[in-house]
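Student: I have a model open on my screen and would like to talk it through with you. Could you take my questions one at a time?

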Amino acid sequence: MIQLNTINRRRRPSLTPMIDVVFLLLIFFMLVARFGVDNVIDINLPAARGQNVQYEGPPRLIEIKSGDIVSLNGSEIPLGQLANKLRALMPSPNALIVLRSSAEANTQDLLNILLHLKSEKITNVSVLGSDNEF
Amino acid sequence: MNFSKTSYVSEKENIVPMINVVFLLLIFFLITSSLVPRPGEIIDRPFGLSNSHAKDPNYLFITSSAEIMYLGQTGETAWGIIKKNKPGSLTIEADRNLAAQKFISLLNKLDSMNITQLEMIVNDPINEPQR
């Protein structure tokens with residue numbers, strides 16, 4: 001009878017496939033990861049304010065145009081002059097301002113006006129529009 | 001004379017420290033990254049100065065062509081999820097070239113759904129972050 005020498009060597013599992021997978025995962029997460037925090041502006045909608053605002057005083061209708069031009073009660077003025085012209089029409093600092101968008105205005109134009117009014121401490125703004133486009 | 005033989009048998013490099021580092025990096029990226037499904041179209045965020053940071057991870061994306069995306073869903077499906085979930089607040093990432101009338105319409109729709117607290121993501125006009 002032939003007796004073969006059987007050597008029972010402990011075979012270590014190969015780590016290479018695992019390292020491959022780990023590297024792939026690492027590259028994936030490095031590519032999709034986004035660092036830093038997003039800057040935001042707060043928008044409080046009428047339902048959040050929970051109040052019915054009474055309109056007082058002369059008309060204060062701003063129409064948002066494209067670029068740095070806005071229309072106040074039908075006459076076009078540069079955005080920089082808006083706050084001063086508005087204050088002359090406001091019976092109180094908290095008086096309501098009505099904002100409407102023209103067809104050519106984009107979100108940046110709207111945001112520019114909102115931020116400008118906010119910087120001038122004019123925060124009671126109502127924006128006209130429909131909800132049937134979605 | 002007795003010369004000792006120099007052994008040229010190279011020892012295997014120890015890869016365990018490298019694997020440790022790679023695992024640590026992997027764990028770091030797993031923890032810090034957020035996998036929010038984003039629309040295929042690139043969104044150019046509007047510019048604006050703000051000191052406050054996004055608190056709400058509930059992102060609503062709206063592209064320049066007025067396509068909305070919420071939790072990876074678009075169109076009516078996305079609106080259905082918003083109606084069902086009724087999130088108290090949303091973080092809106094809108095394209096700066098989106099028609100203002102469409103954006104106002106979006107705000108009105110969210111208002112009608114009693115979604116009261118909104119945050120809008122803006123980019124610093126001076127230091128625009130890289131995408």
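**Two chains and a shared sheet**

Tutor: Happy to! Chain A has four helices and six strands as its secondary structure. Bear in mind as we go that this is a predicted model.

Student: In what sequence do the elements of chain A run from the N terminus on?

Tutor: Chain A has four helices and six strands to place. Read from the N terminus, the order of these elements is α-β-α-β-β-β-α-β-α-β.

Student: What percentage of contacts in chain A between residues at least 6 apart in sequence join residues at least 24 apart?

Tutor: For background, chain A has 134 residues, and 35% of them count as buried. Taking its contacts between residues at least 6 apart in sequence, the share that joins residues at least 24 apart is 68%.

Student: Now the interface. How much area do chain B and chain A bury between them?

Tutor: Let us begin with who takes part: chain B brings 56 residues to the contact and chain A brings 44 residues. Carbon and sulfur atoms account for 64% of the buried area. The area buried between the two chains is about 4,500 Å².

Student: Which residues form the salt bridge between chain A and chain B?

Tutor: The count between the two chains is one salt bridge. Its closest N and O atoms are 3.1 Å apart, and the cut-off is 4 Å. The partners are A:Asp38 and B:Arg45.

Student: Which element gives the most to the side of chain B that touches chain A?

Tutor: The elements giving two or more residues to that side are helix H1 (16–32), strand S1 (59–62), helix H3 (100–112) and strand S5 (117–122) of chain B. The top contribution is 13 residues, and it comes from H3(B).

Student: How many residues on the side of chain B that touches chain A are nonpolar?

Tutor: That side also includes 15 polar and eight charged residues. The nonpolar residues number 33.

Student: Which strand of chain B is joined to strand S1 of chain A by six bridges?

Tutor: Strand S1 of chain A covers residues 39–44, and the pairing runs antiparallel. Two facing pairs help you find it: A:Asp42 is opposite B:Glu119, and A:Val40 is opposite B:Ile121. The partner strand is S5(B).

Student: Is S5(B) largely enclosed or left open by the rest of the structure?

Tutor: S5(B) also pairs with strand S4 (residues 89–94) of chain B, in the parallel sense over four bridges. In that pairing, B:Leu90 has B:Leu118 as its bridge partner. Five of the six residues of S5(B) are buried, so this strand is largely enclosed.

Student: Which strands stand at the edges of the sheet?

Tutor: Six strands make up an open sheet with mixed pairing, in the order S1(A)-S5(B)-S4(B)-S1(B)-S2(B)-S3(B). An edge strand here has a single partner strand, so one of its sides lacks a neighbour in the sheet. The edge strands are S1 of chain A and strand S3 (73–74) of chain B.

Student: Is B:Thr74 buried, partly exposed or exposed?

Tutor: B:Thr74 sits in strand S3 of chain B. Not counting residues up to four places away in sequence, B:Thr74 touches B:Ile68 and B:Met69. Its relative accessible area is 41%, while buried means under 20% and exposed over 50%. B:Thr74 is therefore partly exposed.

Student: Which residue's side chain makes a polar contact of 3.0 Å with the side chain of A:Asn39?

Tutor: A:Asn39 lies in strand S1 of chain A and counts as buried at 17% relative accessibility. Beyond its neighbours within four places in sequence, its contacts include B:Ser50, B:Ser52 and B:Met120. A polar atom of the A:Asn39 side chain lies 3.5 Å from the backbone oxygen of B:Ser50. The 3.0 Å contact between side chains is with B:His53.

Student: One last residue: what is the relative accessible area of A:Ile122?

Tutor: A:Ile122 is in the loop between helix H4 (107–119) and strand S6 (125–127) of chain A. Leaving aside neighbours within four places in sequence, A:Ile122 is in contact with A:Ala83, A:Leu86, A:Met90, A:Ile97 and A:Leu117. A:Ile122 is buried, and its relative accessible area is 3%.

Definitions and conventions:
Residues numbered from 1 in each chain as written. Chains lettered and ligands numbered in written order. Predicted model: local features only at pLDDT ≥ 70, side-chain atom pairs only at ≥ 80, totals over all residues. Heavy atoms only, no water. Contact = heavy atoms within 4.5 Å. Buried area = accessible area lost by both parts, 1.4 Å probe. Salt bridge = Lys/Arg side-chain N within 4 Å of Asp/Glu carboxyl O. Nonpolar A, V, L, I, M, F, W, Y, C, P; charged D, E, K, R; others polar. Pairing = 2+ DSSP bridges. Buried < 20%, exposed > 50% of the residue type's maximum accessible area, 1.4 Å probe, protein only. Polar contact = N/O pair within 3.5 Å; in protein donor to acceptor, adjacent residues only side chain to side chain.
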